[in-house]
Amino acid sequence: MALLGATSAASCSATTGAEPQAQSPSQSASEQVDCSVQRCVALTFDDGPDQFTDELLDTLKATETPATFFLIGSKVQKLPGTLQRMAAEGHQIGSHTWDHSDITKLSAQQLKQQLDRTDAAIKKATGQSPSVFRPPLGHHDKAHNQLVPYPLVLWDIHTHDGRLKNSEKIVKVTMDTVQPGSIVLMHDPRKTTVQAIPEMVSQLRAKGYTPVTVDQLFTGEMENSVVYSSAPHDPAQQ
Ligand code: NI
């Protein structure tokens, strides 16, 4: 037992020394998750970054909860510090167009501009490009999807947080409908949404759920231009 303990302590400190980001709570939590056997759920936040995003990042850090953010490019340049933090703390970053455009109403050239400008803004702030895309309003069609050089991520749980504006109800909608592989749609510019997260995470964990990024939910196996609304799951997991 002593030998095992010494070995794991040595490898742990070696990892920490070599890779400072491994100290991040969400990073270390993400390394251990296997969504093929665990009950995973992806919490996703659209339309930021905004005034409450840092408060949300505080909560996610304190609860060791990785999340995925679908960002509006024109807002990214206003809050580069928030973006740097989001990336450094292990969250997944996605694009949500430059100005929340309905992509089905755009020409191919307009769509490319929306995506390229957003990619450049995110890359300037974080050093990395977005890895996934969520079409504003969920509007998409086959012709436009083929022009999107990212996986298109929708959701199976719409919390209606913009309409409800009530933290308890946002938690209840989620808990009433969540299942392994779910993707939960929320909006971090909403204060009541950000305030709902501590209780939501607590209740999800009490039910055996592990919050993960979208990438983890699909174990990294997503294809560009393909639409995803939830991850497949074994009914036996229920
Ligand atoms: Ni949106």
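Colleague: How many bridges join strand 3 to strand 4?
Modeller: This is a predicted model, where local features need pLDDT of at least 70, side-chain atom pairs count only at pLDDT 80 or more, and totals for chains, interfaces and linings use all residues. Residues are numbered from 1 along each chain as its sequence is written, and side-chain values use heavy atoms, with hydrogens and water left out. Strand 4 (residues 132-133) runs parallel to strand 3; strands are DSSP runs of E of at least two residues and helices runs of H or I of at least four, numbered from the N terminus. Two strands pair if DSSP finds at least two bridges between them, and the number here is two.

Colleague: Thanks! Which residue of strand 4 stands opposite Ser 95?
Modeller: Ser 95 belongs to strand 3. Its opposite number in strand 4 is Phe 133.

Colleague: Is the crossover from strand 3 to strand 4 right-handed or left-handed?
Modeller: Happy to trace that one. Between strand 3 and strand 4 the chain passes through helix 6, making a β-α-β crossover. With the strands pointing away from the viewer, a clockwise path from the first strand over the helix to the second defines the hand, and this crossover is right-handed.

Colleague: And on the strand 2 side, which residue is the bridge partner of Phe 70?
Modeller: Strand 2 spans residues 68-71 and pairs with strand 3 in the parallel sense, over four bridges. Within strand 3, Phe 70 is matched with Gly 94.

Colleague: Are the residues on the two faces of strand 3 buried or exposed?
Modeller: Gln 92 and Gly 94 sit on one side, with Ile 93 and Ser 95 on the other. The cut-offs are under 20% relative accessible area for buried, over 50% for exposed and partly exposed in between, using a 1.4 Å probe and protein chains only. On both faces, these residues are all buried.

Colleague: Which residues are the protein donors of the nickel ion?
Modeller: Donors are N, O and S atoms within 2.8 Å of the metal (3.2 Å for Na, K and Ca), and sites may look incomplete because water is not among the atoms. Here the donors lie 2.0 to 2.2 Å from nickel, and in sequence they follow D-x48-H-x3-H. They are Asp 47 (OD), His 96 (NE2) and His 100 (NE2).

Colleague: How many residues apart in sequence are the parts that Asp 47 and His 96 tie together?
Modeller: Asp 47 lies in strand 1 (residues 39-48), and His 96 in the loop between strand 3 (92-95) and helix 6 (108-126). Asp 47 is buried at 17% relative accessibility, as is His 96 at 1%. Given those locations, the pair ties together parts whose separation in residues is 49.
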